[in-house]
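Trainee: I should like to take a close look at one part of this structure. Would you please guide me through a helix and its surroundings, step by step?

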Amino acid sequence: MPPLPRWLGLAGLLPQWACLLALLIGPEEWRPAILALGWAYGALIFSFLGGLWWGIAAARHARGKAVPRWLWFVSVVPSLLAFLLCLWTGDWAGPLVALGIFIFASLLIDRIMPRYGAPSWWMGLRVPLSLALGMATVLLGLV
């Protein structure tokens, strides 16, 4: 795996873990803002994953190779799920836990992506990032 994607990917975990730390040690009046930030960041990254899948499909198509229809459809699912979670009217626990579970579940699609053009090191990057982000997001919802 090239070092730059590894380090940038790990740096992308910092905002969510910083939210969790701030929630644990910060004043109670920060709580609503921290939970909103954590949800927004998790939703942003989850949507980004769909964009990565779309990009892999588009690159495959540009090389003249067949792209299964399901790949185009699944690529928009993260953004749609994140949007639907915006409609939640209760506390933050439900949307954060659901979002964390969706991030964990994204590995089911990620593991297939090397067949369609993702680099050979894809899962070496995606597994730790999705597990760490999913865990931080679920913990935000449970703390």
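Mentor: We begin with helix α4, which covers residues 69-86 and contains 18 residues. From its first C-alpha to its last, α4 reaches 27 Å, close to the 26 Å expected at 1.5 Å a residue. Please keep in mind that this is a predicted model.

Helix α4 has a bend of about 30 degrees, located at V77. A proline, P78, follows within four residues of that point. P78 is also one of the buried residues of α4, together with L71, V74, S75, A82 and L85. Against what do the buried residues of α4 pack? Their partners are α3, residues 31-62, and α5, residues 93-110.

Let us follow each partner in turn, starting with α5. Helix α5 has 18 residues, so at 1.5 Å a residue it should span 26 Å. The C-alpha atoms at its ends are indeed 26 Å apart, which agrees with that expectation. Its buried residues are P95, L96, L99, G100, I103, S106, L107, I109 and D110. These buried residues pack against α3, α4 and α6.

D110 deserves particular attention. Side chains of opposite charge can pair when their charged atoms come close. D110 forms a salt bridge with R126, and the closest N and O atoms of the two are 3.1 Å apart. The pair links distant parts of the chain, for D110 lies in helix α5 and R126 in helix α6, 16 residues apart. A search of the whole structure finds one salt bridge. Are the two partners buried or exposed? Both R126 and D110 are buried. For R126, the relative accessible area is 7%, and it is therefore classed as buried, the limit being under 20%. Apart from residues up to four places away in sequence, R126 touches L49, L107 and D110.

The other partner of α4 is α3, and I56 is found in that helix. I56 has 11% relative accessibility and so counts as buried. Leaving aside neighbours within four places in sequence, I56 is in contact with M113, Y116, G117, A118 and W122. Its C-alpha atom is separated by 21 Å from that of L131, which is 75 residues away along the chain.

L131 brings us to the surface, where it belongs to a nonpolar patch. The other members are W17, L21, L24, I25, I101, F104, M135, L139 and V143, and together the patch has about 890 Å² of accessible area. Helices α2 (14-25), α5 and α6 (122-142) are the elements that give two or more residues to this patch. Which of the elements provides the largest share? It is α2, with four residues. L24 is located in helix α2. With a relative accessible area of 53%, L24 is exposed, because the limit for that class is over 50%.

Finally, consider G124, which is placed in helix α6, as R126 is. G124 has a relative accessible area of 44% and is therefore partly exposed, whereas R126 is buried. The C-alpha atom of G124 is separated by 26 Å from that of L21, a residue 103 places away along the chain.

To return to the starting point: the buried residues of α4 pack against α3 and α5, and the buried residues of α5 pack in turn against α3, α4 and α6.

Notes:
Residues are numbered from 1 along each chain as its sequence is written. This is a predicted model: local features need pLDDT of at least 70, side-chain atom pairs count only at pLDDT 80 or more; totals for chains, interfaces and linings use all residues. Side-chain values use heavy atoms; hydrogens and water are left out. The expected span of a helix is 1.5 Å times one less than its number of residues. The bend at a residue is the angle between axes fitted to the seven residues ending there and the seven starting there. Buried means under 20% relative accessible area, exposed over 50%, partly exposed in between (1.4 Å probe, protein chains only). Contact means heavy atoms within 4.5 Å. Patches are made of residues with over 30% relative accessible area and no salt bridge: like charges are joined within 9 Å, nonpolar side chains (Val, Leu, Ile, Met, Phe, Trp, Tyr) within 5 Å. Accessible areas come from the Shrake-Rupley method with a 1.4 Å probe; for residues, only the protein chains shown count as cover. A salt bridge is a side-chain nitrogen of Lys or Arg within 4 Å of a carboxyl oxygen of Asp or Glu.
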